[in-house]
Every structure is written in C-alpha cells, then in structure tokens.
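Dear colleague,

I am handing over the structure below, and my notes on one part of it follow. Please read them alongside the coordinates.

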Amino acid sequence: MKLEFEKNFADRGEIGASVCVTLEDEVVVDLHGSDWTPDTVTVVFSCTKGATALCAHLLASRGLLNPDALVSHYWPEFAQNGKADITVAMLLNHQAGLPALRETVPDGGFLDWECMVGMLERESPFWKPGTRHGYHPMTFGWLVGEVIRRVAGQSVGSLFQKEVAGPLGLDFWIGLPPTATPPIVPVTPLPPGKVAREHPLRTAIKTAGSVQSLYYNNTGGFFQRPDWDTPAAYAAELPASGGLTNARNLALMYAPLANGGGALVKPDALSRMSSVASQGIDEVLCIPTRFSLGFMKGVDDPLGYLRIPESAFGHSGAGGSLGFADPAAKVSFGYTMNALGSEALLNARGQSLVDALYRGLLR
C-alpha cells in the first residue's frame, strides 16, 4: 500500500492525503503525505454520512429508534405534503424522494438547522417514497439528523461526540467546538478544464428545474461561493457533508463495526448496516448505486465505481475520500485527501489503495 500511496503523489495528482487500515482492531497502516501531519484533518464531505448513520444504528441497537417506523412517529411536523408514509429506513437508504428543495434556500440557509428542517417539513417528495432511490447529497443530514435529535434529545454532533468519538478517542467532529483547534487543510477543488469527460450528472445539473439543478444550485450560496471551508461551516452541524477528520479516525470509527460491533452496536445491527436496501439507477447521480440503511455498498460502473467486497459497507465523500468496514475480513479502512477528483464516488487514487489492501490480504 505504501507504494501505491507514493504513486498517488508521483503520478495521480495527489497534493496531501492520509490512509489508514486496521486489521482485527489493530492499526496496521497509517500513512500521511506532503504537508500533512498525523493530526491534520480536512472536510470529508459525505464520509460524514457514515458517522451520522452510525448514530442512528446506535439508537436502534438501544431500542430507541425503529428503522421501520414512520418518520412522523418521532417528528410529527414531517408528515406534510405527501410525506406521511415515509419511514426512517427510507431516509437512510435514499428512497424518501427528498434530495433537493423547491423553495428557495435563503443566503446562508445551510448553516441554519431550524431553517433547513422547516423547509424539509414543507417540501413534497420528487417521487413516490419507497418506489425509487436517489442520492440525498445534503438533505440526508437534516432528515436523519432531525430524527436523531428528536429521539436522543441532542444534536447529531453532540451524540456523536458523546457516544462514538469520545469513547473511541477520535479526532472527528460534526460541528467543530471552539475548544477544538486541529490543524485543518482546506480542500482543493478541481481546476476548470480538468474534468476528463462529461458525466450525465453534470449534464442534468445544467438542466433548469431538474432535481440535480435544484440540489446543486439552490443552496443559499453554499456550493457557489463555496462555503464549506469557512469557520462558520466548521462550527455548524452538517451531518451529510461537514465532518472534519482524517483517514486514521475514519478507520478507527469503522474498526468496531469490522469486529462484531464493539460497544457501539449489537451484532445484529451489522446485518442492517451491510444488507442492500436500495439499488439500481440512481435518480439523482444518474449511475447505478447501492445502499444499505445509511451506508454505501460496492458498485462497479464506468461512470462511477466503488469497488469494495460485498461484505463491506461504508461511505465515500466528494472528491474521492472513503471510509468502510469489512466484517468478513475484520478490516477497516480510511482515506482522506484535499485534492478533489472529478469522478463520481471513488477515483483512481482511493481505489488503488483499496485494491492494494485486498491484494495484501490475499497473500
């Protein structure tokens, strides 16, 4: 793996990155490159969804949250405008039909929890819930996060710190408190003109009124300025995209899940985490995707790939970051970087490290 990590810098445009692997709950690979230190963190975008989903499964393991229950059982105001039959599981597996908002998001709205929750309460689904699936890039965080808040009586970020990050000793935040001052490296967007090929998602984003255009352009300026690498965004709780961490802490978060659940969840929860709950052509990403309840499963398509074993589950992040658990191999993996790639899901940098991991396991 060290060789592939070095090739990423030499041949694949890596700027700064970290990769970590645990085997049977022991760290066996822990690398960082360029100006990164072992403590460097960055925004890991949708890898944050894995942490949020873990919080939901933690509550389910304790008998406090039923994934098959209606969302309105926990959040009565949600049952407006065609959403009365949506279950918690549909939020987790991207079948709820709420990947975007039609109502105009006010400037800075993504950083205002109550604003976003109220807008989602008023929104109506883009398709009949449960009949199709489509990735909920940002709304996943407020939808699942508000259910967690109603059940736990505290925010996702607070619950995650108290029940996951704190006990495991993780440098991983969903909402950075003023007392935490980790070294943060901003992400580096792909330079204009560096996109290798046109993707159906990019074409759809350019189509006025499409769900893709709405999710990307109706953000209160969040994507357009962009706002994700600002102190206000670091402090806000963005459970779909705003997590700050690095590869070591992603791998350490998934390590208990690769080894029976540890103190986080009961063993039977691992089945819900790893079993495919929705799959097929994604209504939003325009490629095949597969999800369990809150986690991505492996998929292999020329336009968007995440080649991990069927026993594995986790989540990638925009630009190519990744964290996952593989209970069959008792392995967990984390990869983070600050140079964003253009591909959907993984790209050659992250995939080369995953491939090197499994080549090593087969020796």
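**Strand β9 and its neighbours**

Leu322, Phe324 and Asp326 point one way from β9, while Gly323 and Ala325 point the other way, and all are buried (under 20% relative accessible area, with exposed over 50% and partly exposed in between, using a 1.4 Å probe and protein chains only). The strand covers residues 322-326, strands being DSSP runs of E with at least two residues, numbered from the N terminus.

This is a predicted model, in which local features need pLDDT of at least 70 and side-chain atom pairs count only at pLDDT 80 or more, whereas totals for chains, interfaces and linings use all residues. Residues are numbered from 1 along each chain as its sequence is written, and side-chain values use heavy atoms, with hydrogens and water left out.

Strand β8 (residues 313-316) runs antiparallel to β9 and is joined to it by 4 bridges (pairing requires at least two DSSP bridges between two strands), with Phe313 partnered by Ala325. The two strands form a hairpin with 5 residues between them, and Gly319 in that turn has a positive phi of about 90°. Strand β10 (residues 331-337) also pairs with β9 in the antiparallel sense, over 5 bridges, and Tyr335 is the bridge partner of Leu322. In the β9-β10 hairpin, 4 residues lie between the strands, and Lys330 in the turn has a positive phi of about 55°.

Asp326 is buried yet has no salt bridge (a side-chain nitrogen of Lys or Arg within 4 Å of a carboxyl oxygen of Asp or Glu), and the side chain of Asp326 reaches the backbone nitrogen of Ala328 at 3.2 Å.

Best regards

Technical notes:
Lys and Arg count as positive and Asp and Glu as negative; His and the chain ends are not counted. A polar contact is a pair of N or O atoms within 3.5 Å; within protein, one must be able to donate a hydrogen and the other to accept it, and residues adjacent in sequence count only if both atoms are side-chain atoms.
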